[in-house]
2 protein chains.
Amino acid sequence: MKSIDTNIYDVVCVSPRNHMVFTPLLASTCVGTLEFRSVAEPIGRIQPAISHAPGSYFFLARCAALDPESHTVHCETVTDGTISASLEPWKFQVSYDKLVIALGAEASTFGINGVKEHATFLREVHHAQEIRRKLLLNLMLSDVPGISEEEKRRLLHCVVIGGGPTGVEFSGELSDFITSDVHERYTHVKEYIHVTLIEANEILSSFDVRLRQYATKQLTKSGVRLVRGVVKDVQPENIILNDGTKVPYGLLVWSTGVGPSQFTKSLELPKSPGGRIGVDEWLRVPSIQDTFAIGDCSGFLESTQKTVLPALAQVAERQGKYLARLLNQIGKAGGGYANQAKNIDLGDQFVYKHLGSMATVGRYKALVDLRQSKEAKGLSLAGFVSWFIWRSAYLTRVVSWRNRFYVAINWLTTLIFGRDISRI
Amino acid sequence: MKSIDTNIYDVVCVSPRNHMVFTPLLASTCVGTLEFRSVAEPIGRIQPAISHAPGSYFFLARCAALDPESHTVHCETVTDGTISASLEPWKFQVSYDKLVIALGAEASTFGINGVKEHATFLREVHHAQEIRRKLLLNLMLSDVPGISEEEKRRLLHCVVIGGGPTGVEFSGELSDFITSDVHERYTHVKEYIHVTLIEANEILSSFDVRLRQYATKQLTKSGVRLVRGVVKDVQPENIILNDGTKVPYGLLVWSTGVGPSQFTKSLELPKSPGGRIGVDEWLRVPSIQDTFAIGDCSGFLESTQKTVLPALAQVAERQGKYLARLLNQIGKAGGGYANQAKNIDLGDQFVYKHLGSMATVGRYKALVDLRQSKEAKGLSLAGFVSWFIWRSAYLTRVVSWRNRFYVAINWLTTLIFGRDISRI
């Protein structure tokens, strides 16, 4: 949306949230290192045309159905019921010349019982808010007179399921919070708080083996218990592993990766391996006119003989930029209207070049893996310098100068005053 | 809690929230001028002893009953149900040598039907969060295709009930938000948004007549409609006034002042005029041993022949400081334990000297009334200089350097980047 030429196109955005979340820094907001607002960017700031251009709009709504024949999207307003019973969802239609599907993905539960009810995901700002509230609640509840030792240990046992970058970064942030803030501000219960990271295979499986070992060492040093196991069942206060072990928890964060959303599944379009919306080399949905799909909801069709790209921010960002250029080019060549782009030369295909992966493991340490793929050779770094690269790189990526400024200020105040512990 | 001598006393704080709210700046957080965290101060930062001293604690709980005979308070943990069904409130008791009751007050509804269900108060951070979410939701909903003109006007009609400082400041902030942010970021609907302030008598009745007139002029100039009226009934989308007028609203903020809470009412203690907990000249609850009451929940007993002080932050702050000194003095004289303070000289009585009142009316304008009471003569100012005094004075009162820093940064970014409109 940022790079689309608003002299050519009117832009209409339909989304159930009015902001973009900079997910790579979301884990830091759970423990107060960063503020929630520092990682959220209002869409009206990303593409100001939706705020004032006559034909451009933002609709706080979800997409309910797609009618490619008539070039129409059926929508339904999001009113999150709780606020006022009087607000019934309102149905409306949006006609389009070009449609870009960028639905994202949903956290995978692998059909395990109880995950949705008792675990918290880490994909949206409200997830991070819930984790922060729960963590602070448990810290305070465990300090109440008469609570048993066992219950105290349960309340303060933070369990993270999934050892990908999100799970590892969250565990690192949590152990930083425990070392520098809980030890100072919750002295009465500091001996009871523990972090366990459960992963079925290896942690950070996409990283270089040397970095994986480094991460394992660092996390263990920070007091994070690494457990290899598969979750069978999630109960309100315990998780049951495949081998029958019962693990009591007070906070359960689920970060085992993502899969297609219900709506993506419901779309009757050809799918890529993994059930994503299938796209061709130009990110078009080839079976219907004027439709493109980008980000975590899309994947290359098998016919393209390309592998489906990982669900990463850098893939989505690169696809977005490519598609904006492509649409601007189509528009300039006179193909901007519906059904007018059939004979237009699309130019270069979308080619993804992986810039590398990063993850922080807490205590001013991070991993930077600059290899282009899992099998390739290349530079990899771990330690303080990596952590510095990690912070600098993310600081340059947080969309706006306002958020860049806020993230820097947050980091500074966390350093000086410690993390914020008010439970609001 | 801040000034209590922790070498003499262990401090135990029982409160349903783990932070203090700087209410005078709460209105600014509703529209994004300030961030929520900038006006919330964790109690552990106000009195660090509760975090680590062996006998000092903070309990996230509400007080359920008071047993002055055995010097015991009965408490119940606060778990706000929604988070996990498994958390049942936990009951426990706290024994005390000295008890300070500082329960605050509750928003008054005057028994009007529907206020609790449909209006939002402006006393806690979660109220401000609710107002912000609702305001942004209504701005976005009103932009959806097919919404009728009438419904658009209703959704964007912000009604404030009560013309005290809170109601006036909120109306001012709202009209600032409309002028500088809605006009730029919600251009499609800017003609539909309106603010109405309904007050039964005069606005800012405690202020100098000249200031009242100035406020009326300024608010009217900013587009706030001032209506004299009494609310009879609050329905989900309309309020009904005493004269039968039906006023449709999208956002309803209720700020008609405060009264004693349910728990205050339930305490079988002698009350002051207005139903507050009655105290003597030294802020003691004279009918029972070792008990004091301060802030909005307390008032002078008729027997003292002093008038009940207004429910203001500056009264509560002065009482807190006085009481901390008194308790420290009692402790040093050997009266710190239960039932040991009977023959100790309490020294000076608590005397309240009003420093003046302030309120902002938006657009860099404020009122400063330095008269000591409603009837007294004295200096009063209105305009930009007052606004500057208002900001400076509040900046020095926000408890900690951290929040002082954050408030200053928030004001700066609002000036540069505008208010934040992400609905998180």
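In chain B of this predicted model, B:Val14 stands opposite B:Phe59, a residue of strand 4. This pair of residues offers a convenient entry into the sheet to which the two strands belong. Strand 1 of chain B is joined to strand 4 (residues 57–67) by 4 bridges, and the two strands run parallel. Strands of a sheet pair through backbone hydrogen bonds, in either a parallel or an antiparallel sense.

The wider sheet may now be considered. In chain B, an open sheet of 4 strands follows the order 1-4-5-6, and its pairing is mixed. Strand 1 (12–15) and strand 6 (91–95) of chain B stand at the edges; each has a single partner strand, so one side of each is left without a neighbour in the sheet. On average, neighbouring strands of this sheet are turned by 55 degrees against each other, direction ignored.

Chain A also contains an open sheet of 4 strands, with the order 1-4-5-6 and mixed pairing. Its edge strands are strand 1 (12–15) and strand 6 (91–95) of chain A, each of which pairs on one side only. From one strand to the next, the twist averages 55 degrees. Within chain A, strand 4 (residues 57–67) and strand 5 (residues 72–77) pair in the antiparallel sense over 6 bridges. A:Cys63 stands opposite A:Cys75, which lies in strand 5 of chain A.

Another antiparallel pairing is found further along chain B, between strand 12 (residues 231–234) and strand 13 (residues 238–241), over 3 bridges. A hairpin of 3 residues joins strand 12 of chain B to strand 13 of chain B. In this pairing, B:Asp233 stands opposite B:Ile240 of strand 13.

The next matter is how the two chains are arranged. A turn of 180 degrees, with a shift of 0.0 Å along the axis, lays chain A on chain B with an RMSD of 0.0 Å. That is the relation of a two-fold axis. Which residue of chain A comes closest to the rotation axis? It is A:Ile409, whose C-alpha lies at 4.4 Å. Of the interface residues of chain A, 100% are also interface residues in chain B, so the copies meet through the same surface.

One contact between the chains involves a helix from each. Two packed helices are described by the angle between their axes and the distance between the axes. The axes of helix 12 (residues 401–417) of chain A and helix 12 (residues 401–417) of chain B come within 12 Å and cross at roughly 175 degrees. Angles over 145 degrees count as roughly antiparallel, and therefore helix 12 of chain A is roughly antiparallel to helix 12 of chain B. The residues of this contact comprise 12 nonpolar, 4 polar and 2 charged. Among those in helix 12 of chain A are A:Trp401, A:Phe405, A:Ile409 and A:Phe417, while those in helix 12 of chain B include B:Trp401, B:Phe405, B:Ile409 and B:Phe417. A:Ile409 thus appears in the helix contact as well as being the residue of chain A that comes closest to the rotation axis.

Finally, the confidence of the prediction should be noted. Chain A averages a pLDDT of 93, and 98% of its residues score at least 70. For the complex, the predictor gives an ipTM of 0.92 and a pTM of 0.94.

Terms used. Residues numbered from 1 in each chain as written. Chains lettered and ligands numbered in written order. Predicted model: local features only at pLDDT ≥ 70, side-chain atom pairs only at ≥ 80, totals over all residues. Heavy atoms only, no water. Axes fitted to C-alpha atoms, helices over the stretch in contact; angles between N-to-C directions. Parallel < 35°, antiparallel > 145°, perpendicular 65-115°, else oblique. Contact = heavy atoms within 4.5 Å. Nonpolar A, V, L, I, M, F, W, Y, C, P; charged D, E, K, R; others polar. Least-squares fit on C-alpha atoms with pLDDT ≥ 70 in both. pLDDT = per-residue confidence, 0-100. Pairing = 2+ DSSP bridges.
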